[in-house]
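Colleague: Could you take one part of this model and go through it closely with me? I would like a connected account rather than a list.

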Amino acid sequence: MSKKKPDPRIPLFRERKEPKNKDKYIYGTENDEEKRNDTFELVFARYLSDSGRNNKKVSTRTLSVLTGISKSEIHYYLHGERRITYELLCAVCIALRLPISRQEHLFHKAHIQFLRLFLFRKSSSVNQERADNIQESMVYQAFD
């Protein structure tokens, strides 16, 4: 009889230990030179290595199950053989439950513009119309 593997679970950010050092948590180092030399592949691997239960590594298999991205495609991204798209990077951030600070850094290293849009919709039809116009006019562009 084969044992059924439990469903993968990534803990919520609030369920994790509070990071002691913000720079080390986001960039992996406090050294400015090392921060500048950080690449998307290193950041992606680092975030995978401590996003699981008890700050353990999330396997490519687990990430594949959570995002729908194939294991081989994740491998290509980890080794810099392909560029990740905006949509797939969003799926990775959601699956790993990354806080905003880590999301911004990951998007920056992937050379994809990170957009946060907070729309507070009120009962006023003017505010609703303005919010809808802003949302419709948003264009996601990659930058190099």
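Modeller: Proline 99 has a relative accessible area of 13%, and because anything under 20% counts as buried, this proline is a buried residue of the predicted model. Proline 99 sits in the loop that links H6 to helix H7 (100–109), and although 87 residues separate it from leucine 12 in sequence, the two C-alpha atoms are 9.4 Å apart in space.

Going back along the chain from that loop brings us to H6 itself, which spans residues 86–96 and packs with helix H4, residues 60–67. Two packed helices are described by the angle between their axes and the distance between the axes. For H4 and H6 the angle is about 110 degrees and the axes are 9 Å apart; since angles from 65 to 115 degrees count as roughly perpendicular, the two helices are therefore roughly perpendicular to each other. On the H4 side the contact is made by Leu63, Leu66 and Thr67, and on the H6 side by Ala91, Val92, Ala95 and Leu96. Sorted by character, the residues of this contact comprise six nonpolar and one polar, with no charged residue.

Turning to H4, its buried residues are Thr62, Leu63, Ser64 and Thr67, so that Leu63 and Thr67 appear both among the buried residues and in the contact with H6. The cover over the buried residues of H4 includes H6 together with helix H3 (40–49) and helix H5 (71–78). Just after H4 ends, glycine 68 adopts a positive phi of about 85 degrees.

How values were computed
Residues are numbered from 1 along each chain as its sequence is written. This is a predicted model: local features need pLDDT of at least 70, side-chain atom pairs count only at pLDDT 80 or more; totals for chains, interfaces and linings use all residues. Side-chain values use heavy atoms; hydrogens and water are left out. Axes are lines fitted to C-alpha atoms, for helices over the stretch in contact, and angles run from 0 to 180 degrees between N-to-C directions. Helices (H or I, at least four residues) and strands (E, at least two) are DSSP runs, numbered from the N terminus. Angles under 35 degrees count as roughly parallel, over 145 as roughly antiparallel, 65 to 115 as roughly perpendicular and the rest as oblique. Contact means heavy atoms within 4.5 Å. Ala, Val, Leu, Ile, Met, Phe, Trp, Tyr, Cys and Pro count as nonpolar, Asp, Glu, Lys and Arg as charged, and the others, Gly among them, as polar. Buried means under 20% relative accessible area, exposed over 50%, partly exposed in between (1.4 Å probe, protein chains only).
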